[in-house]
Amino acid sequence: MSKKFTTVLMAIFTGMLFLTVGILTAADVPNEVLIENSYSKDKKGPVKFSHNKHHVDYKIACTECHHEAKDGKQVAWKDGDPVQKCSACHNPEKGEKGDPMKLQNAFHKNCKNCHKALEKEGKKTGPFKKCNYCHEKK
C-alpha cells in the first residue's frame, strides 16, 4: 500500500471512530429527566425536563445548562465530560458566601432567565411566571 492511501485510510478510520463515540455519547442522554427537589421544606413537586425539546428541537447547546467549577470559578463543560447532579455543587438548603448559589436559585436563574429572554425577543418559550406550569403537583 502506498503511504498516501494509508494516510487517507487512517483519517477515515479516525473520523469514523470519533463519529461513533459521539453517537454513543448522545445515546446515553435520556429524552426526559425528572428534576427532583431535595429541599427539606419542599413546597413544589418535581419538574419534567425534556432534553429532546431543548437540545434537538430548539438547538440549545449542552453548555447552556451544564458547567463545571474549577478553583471556585465556573468553566465551560465539554461534550464527553461526566455530568454530575447539580446538587453535587449547589447546596439544596443554602448558598454560602463564596460557594455556588443555592440549588433552587441556580435552577430558577438558569431556566426562568432563559425563558424570559426568549419572550423578550418575541420568540416562543416555555413557562416561567407560575410555579405549577413547570412543577408537578405533589
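Modeller: Let's start with a yardstick: buried means under 20% relative accessible area, exposed means over 50%, and partly exposed is in between (1.4 Å probe, protein chains only). This is a predicted model, in which local features need pLDDT of at least 70 and side-chain atom pairs count only at pLDDT 80 or more, while totals for chains, interfaces and linings use all residues. Residues are numbered from 1 along each chain as its sequence is written, and side-chain values use heavy atoms, with hydrogens and water left out.

Colleague: Why is phenylalanine 49 called buried?

Modeller: Phenylalanine 49 has a relative accessible area of 17%, which is under 20%, so the word buried applies. This residue is found in strand S2; strands are DSSP runs of E with at least two residues, helices are runs of H or I with at least four, and both are numbered from the N terminus.

Colleague: Which residues does phenylalanine 49 touch, not counting those up to four places away in sequence?

Modeller: Asn31, Glu32, Val33, Ile35 and His54, where contact means heavy atoms within 4.5 Å. Take isoleucine 35: it is 14 residues from phenylalanine 49 in sequence, and their C-alpha atoms are 7.0 Å apart.

Colleague: What makes up the largest nonpolar core?

Modeller: Five residues: Ile35, Val47, Phe49, Leu103 and Phe107. Such a core is a set of buried Ala, Val, Leu, Ile, Met, Phe, Trp, Tyr and Cys residues joined through side-chain atoms within 4.5 Å. S2 and H3 each supply at least two residues of this core.

Colleague: How do you know whether histidine 135 is buried or exposed?

Modeller: Histidine 135 has 16% relative accessibility, so it counts as buried. Its place is in the segment after helix H3 (103–120). Leaving out residues up to four places away in sequence, histidine 135 touches Asn37, Lys44, Gly45, Pro46, Val47 and His108.

Colleague: What does the side chain of histidine 135 reach?

Modeller: The backbone oxygen of glycine 45, at 2.7 Å. A polar contact is a pair of N or O atoms within 3.5 Å; within protein, one must be able to donate a hydrogen and the other to accept it, and residues adjacent in sequence count only if both atoms are side-chain atoms. With 2.7 Å between histidine 135 and glycine 45, the pair is therefore inside that distance limit.

Colleague: What makes lysine 48 and glutamate 136 a salt bridge?

Modeller: Their closest N and O atoms are 3.5 Å apart, and a salt bridge is a side-chain nitrogen of Lys or Arg within 4 Å of a carboxyl oxygen of Asp or Glu, so the pair qualifies. Lysine 48 lies in strand S2 and glutamate 136 in the segment after H3, so this bridge ties together parts that are 88 residues apart in sequence. Glutamate 136, at 31% relative accessibility, counts as partly exposed.

Colleague: How many salt bridges does the structure hold?

Modeller: Three. Another one joins the side chains of lysine 129 and glutamate 119, at 3.8 Å from N to O. Lysine 129 lies in the segment after H3 and glutamate 119 in helix H3, so that pair links parts ten residues apart in sequence. Lysine 129 is exposed at 63%, whereas glutamate 119 is partly exposed at 40%. Lysine 123 and glutamate 121 also meet in a salt bridge, with 3.1 Å from N to O; glutamate 121 is exposed, at 51%.

Colleague: How many disulfides does the structure hold?

Modeller: Zero. Cysteine 89 is in no disulfide, and the nearest cysteine sulfur, that of cysteine 86, is 8.9 Å away. A disulfide is a pair of cysteine sulfur atoms within 2.5 Å, so 8.9 Å rules that pair out.

Colleague: Why is the sulfur of cysteine 134 too far for a bond?

Modeller: The closest cysteine sulfur, in cysteine 111, is 7.3 Å away, so the disulfide limit is not met. Cysteine 134 is partly exposed, with a relative accessible area of 32%, and cysteine 89 is partly exposed too, with 43%.

Colleague: What is the phi of lysine 59?

Modeller: Lysine 59 has a positive phi of about 60° although it is not a glycine. Most residues other than glycine have a negative phi. Lysine 59 lies in the loop between helix H2 (51–57) and strand S3 (67–70), and its 67% relative accessibility makes it count as exposed.

Colleague: And why is lysine 41 called exposed?

Modeller: Its relative accessible area is 71%, which is over 50%, so exposed is the right word. Lysine 41 has its place in the loop between strand S1 (32–35) and strand S2 (47–50).
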